[in-house]
Structure formats: structure tokens, C-alpha cells
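Here is a friendly walk through a protein–DNA model. Please keep the sequence and the 3D view open as you read.

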Amino acid sequence: MGGNASGEESDNIDWDTEDELEIQNFPLSSCSTLTNPGGEAIVCAGEASFSASPSHSKLIHHFVGMGFPEKLVAKAIEENGEGNTESILETLLTYSALENSPPQQKPVIDSDHSSSDYYENFLDEISDSDSWSEDEENTESLSDKEKTLLSLAKMGYTVEEASIAMDRCGAYLIICPDASIDEITDFLCAAQMAKAADYLLPDDEPKPKRKFFERELWKRKKQRRYEKRMMSEDSETIRLPKPMIGFGVPMESSQTFHRTLPEAAMGPPYFYYENVALAPKGVWDTIKRFLYDVEPEFVDSKYFCAAARKRGYVHNLPIDNRFPLLPLPPLTIHEALPLTRKWWPSWDTRTKLNCLQTCIGSAKLTDRIRKALEDWDGEPPLRVQKYVLDECRKWNLVWVGRNKLAPLEADEVEMLLGFPRNHTRGGGISRTDRYKSLGNSFQIDTVAYHLSVLKDLYPGGINLLSLFSGIGGAEVSLHRLGIPLKTVVSVEISEVNRNIVRGWWEQTNQKGNLIDFTDVQQLDGDRIEQLIHSVGGFDLVIGGSPCNNLAGSNRHHRDGLEGKESALFYDYFRILDLVKCIMGRQQ
DNA sequence: AGAAAGATGAACGGTTTG
DNA sequence: CAAACCGTTCATCTTTCT
């Protein structure tokens, strides 16, 4: 905000006014319709907590979130009416200019997020370099620089990266503390690229580096202008295809698909991102926008195995000449679990299981159902059938005896997802953790089908950067495809999951090198650069970031992409973008 | 034995889509 | 309106540590 008054800075970098406005308007336009929470979320991370408010107060919160005092916002809305957000913004900007003070940014982290790891880590880190009281209410007194750092840290940039870029950004960020997180991320990437260029260029030539840096920044701004234009022309949100077969599945449809990738999306490296298809509105639009405007491929794994799994995949892989893993897994419940056939009543017409989740049905529930069924000798009345079937679908119950239902065993889940038997067994993992790890994983046959095109491209094997690896779905998929794994850099926060992958790595006699990290925050620019240099570049950057705050089963914190866990998507983007930037310069 | 940490069981709606 | 959904929280039981 207040960018119009910052002419003094234009001697360094040509911030043209058009871009200033478009960046301000971008989240605004999506917010004014109140249909795209993803857009506004980039600017104010705490927005989700206001989602229940009526539209008027939501509008107020939106502008307060942008940094304007609440009184001024109320006044501006009164003057302009609720409908015209653009003129409200203009009025607010006029107020700010008159007062000759930059708007106060709302603290990015609200009380709901005060316990998040980011928050605590970040506060730890800035307290090293600056005076900091432990009183949380003092967030209000953070300097603009600290607030911007906080925003960037929330997005997954390390404090070091953000701080370096901000130092280079200089006064611009002080004048515009909150208006343009987008712009700052552009700046960060340009800075990272310039840093990568530093790496290649001799040190005694400072001028070309600066030119390079400015050119990168300009390219980024141009891309965003393009994105803006596309959004305003075609503002309809992403729809899920029906049938959900993406760019094709093995058996179904002999139809051939074609697509042309945006320039910015093309590899190397290839990338592959996964998350739940049924996310809150706007989430996939945001993901698509960050991942170089690549159209997500929505696929239901029920076309690959006996269980449904509706997922979206954003990737820049070729889509011709895919092939499935062999042998083809059982496609129906009866084939997958033959022992249930004997007890399966004719009125239970399910042929596919629903999505395999992290929790299983309780014994109390199956017992209640059994008692309800025992009242009837032959077929129960429709009412009872409906009750039983609803519970069966909700909890993925299968018939294991007369009137007797049970949740799937962990090894059955393993099989359905395409993992080797006992993949998650042993190593001291508890039964509940096993279900949890499996429920959070890829479906191997589905992912392998998409990755199969890599086999011809990399006969000698690939270097893999695997983020949020979990129990190693990506690694197992590639291995089962017969694609050798040269070096795998894997990031996974759960110790039991890391142990599972390490165990599998040894069991399968991998020839390559497995390097694991605990936290994506460890992968900052320097570390990535060092890894790329020592490994010789990554061929594939793969990852499914946490879905906790996106998934429909979450009754408490379905906060969208800004939720505590799901915000790690921004780390996927950050790291992918770093890899692209660094590798792009080495070619 | 008692505390502390870990594992299990059970109950808990709402959003989105067609 | 139906149908589906990579989940969280709390109480209680179990195991491990001191």
C-alpha cells in the first residue's frame, strides 16, 4: 500500500504503477465476490477465522487485514457502499496518504495460530537479533519489517532468506509493509536466482549480476500481469471432472488427451504435486496459480484399485504412452478381499471401498450393527439396510461373519494402496500410527501410472527430491516401475515414517543414496544449492503436502491452505521454485 | 508403587458437489 | 437431497520410566 508515494525508490528498480495496482487488486477482486478464499488468504493468513462472519464484517476484516484501521474502513464502506470494493480501497488509500503514514499491518498470526510451530520457531529466531518481549500481545508492536518477515515465515521462507531479500529490497518494504506478499515472493525468487547467478558468475563483475536480477524481477512481474489478465477473463473456479479420470486411466476410455504446458511450468526438473480433490473452494485455484498455472489432473484411484481415492495432481510430466504397473491389482472388493464374499449380503451392493482414511470404525459401532441385524431372520427391512449401508460406507466396513462387520486390517490397507505387504509393519510402530501413515499416503498404482513416462526418459535412473515423503509412496512407485533411484533426498517429519522408508530402502537393496531431512525448513536456499551441486540436479520434485486443513473429515480446523499443516504447500512451492531457479541457471 | 508417556476407543458436523 | 470425506479431541486404558 502507499506505493504511489514511493517514487524515490524508482532509481533502483522500475516499479511501474500498473503493477502496483494490479497486485493490490488481485486479492481484492477475488475477495469482493467472496467466493475465492484462496486469493485473499495470501495477504491475510488469519482470514479463515472470520469466515463465519456476515459479509459486511467480513469486508471490514478484509481491509483491516490489509492494514487499515477499522474506523477508517467502516467510514470508507459507509461512503462507498459495500458493493464497490475498488472505490473503498481508493478512499482508504487517500486517507492513508493524507495521514502520511503507512497503514498498520494486522499481525499475521492471530491467537488461533499462536501455538503453531512456525510462530514459535520464528519468534525464537527473531528474538536473537532483536528485542522481543515474550508477551504475545506485543505482536502489535512489531516493526513493519518484522511483520513482513512473519508473513514470509508463515509462507515457509526461512528467516534468513526473507531477511536477505528484504535487506536488498530496502526501504521499499518499509514503505509497503503488507501490500504485496506476492511481490515480495517474486522479489525473493529473483533474489534467489541472482544468488544462483552469483554462484556462476565471477565475483569481480557486479554490474551484470544486478542487470540479471532486475531482468528476473521484470519477468516475474510480467508473468503476474499475465496471470491477472487470465483470472479476470476467466474467473470461474476449477471444477472436478466426471468421470474423474484425469488425462486417462488404463482400462477406461481409449480417448487420447493433449495439453500444452505454460512456458514457466516446463522442466527440468519435472514436478508432481498431490492433494485431496475435494478441498474447500478456491484452494485448487491457488495451488494452480502458484504451480505455474498448470491445470490439475483429478483422478479417482477407484479406477486403479478396489478403493476410491479422489485426488488432484499438478505436474509437468508428459501424458503420452503411460503404462500401468503389472500385475493389475484387484479392482473390486470381492477380488481384493475374497474371504468377505461368503458373508456379503446381496443387499450390500458395494463393489468399491470408499477412501481409506486415517481412522477406523469402533468395535462399539460394529457391535451395534450386529445387534440391529440379529433382530431379523432373513433380509432386514429397507430402513435397517439403509442404516447399515450408510455406516458401512462411512467407515469402510467389510463383512467378516454372519451379521458381523469389521474395519479393514492394516495389511489390507497396505495391499489396497499398492504397498508391499508389511511395508508399515515393525519398527515399533503402533497400530493407530500405522493406519494414520497409510491413510495419508499415495495410491501406488495411480501415481506409478503417471510417473511411468519417466522410465524411457531416464533409463539410467533419476535423482529424486521427495517432500513430505510419508511412508515413501513416491519411492515405492518409481521402484515398482523399475526406474533406478540414484540419489533420493527425502523430507519427512515423522520419525516412524522415516524409519519405514529407511527400512524399505535397505530391504530392497537400493544402490543409490538416501538422504533424509526432518523438516522442510532445513531446506533453505543454501542447502538446496549445495544438494543440487553435489547430486548433479534433481530430475523430479515430488510431494503431497498435508491435507489436514483441507480434508472433509476434519470437523475442527478445515481452514484451507492457510491452516497450520496445509500451509506447508507453500514450502513445496518455495523449494520447487528454488530448485527450478538454481537449475535453470546451470543449464 | 507412582508418575509420565504412549496407545486406544469413542464421539464429534459441515462443506462441497452433482 | 444424497453422498462422500489423506481428521481432531478427549477420556481412559496400557506400557514404560524413575
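The notes below cover confidence and the surface near the DNA.

## Ground rules and confidence

This is a predicted model, in which local features need pLDDT of at least 70, side-chain atom pairs count only at pLDDT 80 or more, and totals for chains, interfaces and linings use all residues. Residues are numbered from 1 along each chain as its sequence is written, chains are lettered from A and ligands numbered from 1 in the order in which they are written, and side-chain values use heavy atoms, with hydrogens and water left out.

The average pLDDT (the predictor's confidence in each residue, from 0 to 100) of chain A is 75, and 62% of its residues score at least 70. Residues 1–54 have a pLDDT below 50, yet the model gives this stretch 112 contacts (heavy atoms within 4.5 Å) beyond near neighbours in sequence. Residues 100–148 also stay under 50, with 84 contacts beyond four places in sequence. Where pLDDT is low, the predicted coordinates should not be read in detail.

## The surface near DNA strand C

There are 27 residues around DNA strand C, and Arg 311, Cys 355, Thr 358, Cys 547 and His 557 come nearest. A residue is near the strand if one of its heavy atoms lies within 4 Å of it. By class, the surface has seven nonpolar residues (Ala, Val, Leu, Ile, Met, Phe, Trp, Tyr, Cys and Pro), seven charged (Asp, Glu, Lys and Arg) and 13 polar (the others, Gly among them).

## Backbone and DNA

On the DNA side, 67% of the strand C atoms within 4 Å of the protein belong to sugar or phosphate, and the rest to bases. A backbone N or O atom of Cys 355 sits 2.8 Å from a phosphate oxygen of DNA strand C, while for Gly 552 such an atom is 3.4 Å from a base oxygen.

Terms used. Polar contact = N/O pair within 3.5 Å; in protein donor to acceptor, adjacent residues only side chain to side chain.
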